[in-house]
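Colleague: Got a minute? I'd like to go through this one with you before lunch.

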Amino acid sequence: MSFFSYQNGELCAENIPLSKIAAQFGTPTYVYSKAALLENFSAYANACQGHDALICYAMKANSNLAVLNLLAQQGAGFDLVSGGELLRVIAAGGDPQKCLFSGVGKTRDEIRLALSHNILCFNVESIAELYSLNTIAGEMGKKAPISLRVNPNVDAKTHPYIATGLKDNKFGIAFEDALATYQAAAQLPHLHIVGIDCHIGSQLLDDAPLLAALDKLIELIDQLAEQGITLHHLDLGGGIGITYADERPVAVADYLGRVFARIASWRASKSGSQHTSIKVIFEPGRSIVGNAGVLLTKVEFLKPGAEKNFCIVDAAMNDLMRPAMYQAWMDVKAVNNAAAVEPSTYDVVGPICESGDWLARNRALAVQTGDLLAIMSAGAYGMTMASNYNTRGRPAEVMVADGHTHLIRQRETIESLFALESILLK
Ligand SMILES: *Cc1c(COP(=O)(O)O)cnc(C)c1O
């Protein structure tokens with residue numbers, strides 16, 4: 001169900017009119033629905049019931065402490081990509097021992113931090129990283145739990161910027177090299193091999209590429225077992241898509257059902273052998289938070305033109321990068337849909353000095369100056385990708401929960417933007 005719907009001509013977050021939120025907190029503001037967030041998480045949690053599984057929310061999608069805290073309370077683990085993200089998990093009451101550390105460029109300091117908090121696993125992306133981890137763990141008198149991020153070389157059929165499982169990108173270890181890399185890892189005394197992982201891309205609508213990747217991982221796990229290397233977990237990454245326009249992504253329950261069925265038949269075929277038990281890990285990001293948030297913005301000016309009409313709003317590419325960065329299509333809704341004006345076709349643009357500063361193109365909107373618009377499905381890769389370009393403070397973040405609004409991040413002020421800067425002293 002959608003937690004952002006019209007009630008009496010007014011677009012609401014759960015049962016709270018967005019106009020009320022704009023009046024109280026200003027614009028631009030990200031607005032999230034707690035109920036939507038919990039429903040999306042439950043789709044994974046329910047499908048995992050009765051299975052040995054862990055959901056590690058990919059927090060780069062939305063790492064607000066309130067979001068992390070809610071998911072931690074539901075038992076979520078986290079997939080993180082920096083030391084800063086680990087400290088966020090801890091600040092939000094999450095469990096570091098349910099955390100995976102992904103990413104191609106972990107620094108020594110980040111590795112030390114993660115080892116000191118006993119995270120669940122390092123998702124290793126190169127041989128060089130294996131050696132580095134071994135050295136640092138040795139210095140600390142620890143064993144680093146590791147998984148290799150394998151590149152199953154399946155085509156996720158998504159936007160090139162968010163496809164990550166093909167041979168020619170920077171992520172992961174080539175499938176052909178995986179066995180030898182595991183054997184090298186097995187020789188390193190300060191590593192503990194615990195798993196295998198992959199992440200083939202994002203905004204996937206069909207689970208066929210994910211199931212193809214699962215088959216490749218299973219093939220490798222069997223080969224590893226023959227070499228005496230047994231794994232405790234298998235991590236399929238994230239990637240399930242959401243509806244921005246009229247996409248119909250696979251249902252989470254159906255995808256997970258097929259994963260568990262595939263694993264059950266594999267285990268049955270191997271009964272009596274050593275890997276009759278393996279934990280399955282998922283790293284969903286977008287499918288947890290994407291449709292649980294909108295970006296609320298106000299129309300500053302309408303600028304009709306010979307070729308195009310522009311609807312200039314107070315949100316911009318610094319607040320929401322997805323359109324500028326991935327040519328992403330995001331739905332734009334008038335907060336008040338009982339407007340007295342006729343619709344026109346507009347490009348919805350921000351005030352930033354870049355032609356790439358647009359949020360939506362060629363949209364029929366019935367709007368006037370001062371009206372509010374909602375950019376829909378902006379809960380994932382929205383605020384986390386925001387910047388201060390053009391000396392713009394990042395938006396406020398508000399969560400609607402059980403009939404109340406909560407300010408979960410204040411709008412950045414000019415003072416906060418200047419706080420770390422200084423002029424030269426003579
Ligand atoms: C970004 C990312 C995810 C989450 O992807 P979604 O498409 O948002 O589900 C999961 N795992 C890794 C390693 C990632 O980089």
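Modeller: Sure. When I name elements here, helices (H or I, at least four residues) and strands (E, at least two) are DSSP runs, numbered from the N terminus. Also keep in mind that this is a predicted model.

Colleague: Fine. How many helices and strands are there in the protein?

Modeller: 12 helices and 21 strands. The protein is as compact as a globular protein of its length, because its radius of gyration is 23 Å and the globule rule gives 22 Å for 426 residues.

Colleague: And what box do the C-alpha atoms fill?

Modeller: Roughly 70 × 65 × 45 Å along the principal axes. Of the 426 residues, 52% count as buried. If you take contacts between residues at least 6 apart in sequence, 69% of them join residues at least 24 apart.

Colleague: OK, ligand next. Which residues are closest to the ligand?

Modeller: Lys60, Ser202, Glu283, Arg286 and Tyr381, out of 14 residues that surround the ligand. By class, that shell has three nonpolar, six polar and five charged residues.

Colleague: What about Lys60, how far is an N or O atom of its side chain from a ligand oxygen?

Modeller: 2.7 Å. Another ligand oxygen distance to note is 2.9 Å, to a polar backbone atom of Gly239. On the nitrogen side, a polar side-chain atom of Glu283 lies 2.6 Å from a nitrogen atom of the ligand.

Colleague: How much of the ligand's accessible area does the protein cover?

Modeller: 93% of the 390 Å² that the ligand has on its own.

Colleague: Switching to backbone oddities. Where is the cis peptide bond?

Modeller: It joins Thr27 and Pro28, with omega about -10°. Pro28 lies in the loop between helix H1 (18-25) and strand E4 (29-33). For context, most peptide bonds are trans, and most residues other than glycine have a negative phi.

Colleague: Which residue other than glycine has a positive phi near 50°?

Modeller: Gln327. You'll find Gln327 in the loop between helix H11 (322-326) and strand E16 (332-334). Asn390 also has a positive phi, near 70°, and sits in the loop between strand E19 (372-375) and strand E20 (396-401).

Colleague: Is Gln327 buried or exposed?

Modeller: Exposed, with a relative accessible area of 53%. Asn390 is partly exposed, at 33%.

Colleague: Last one: what area does the whole protein expose?

Modeller: About 18,400 Å², and carbon and sulfur atoms supply 51% of that.

Note on methods
Residues numbered from 1 in each chain as written. Predicted model: local features only at pLDDT ≥ 70, side-chain atom pairs only at ≥ 80, totals over all residues. Heavy atoms only, no water. Near = heavy atom within 4 Å. Polar contact = N/O pair within 3.5 Å; in protein donor to acceptor, adjacent residues only side chain to side chain. Areas by Shrake-Rupley, 256 points an atom, 1.4 Å probe, with all protein chains shown as cover. Nonpolar A, V, L, I, M, F, W, Y, C, P; charged D, E, K, R; others polar. Rg over C-alpha atoms; globule rule 2.2 N^0.38 Å. Buried < 20%, exposed > 50% of the residue type's maximum accessible area, 1.4 Å probe, protein only. Contact = heavy atoms within 4.5 Å.
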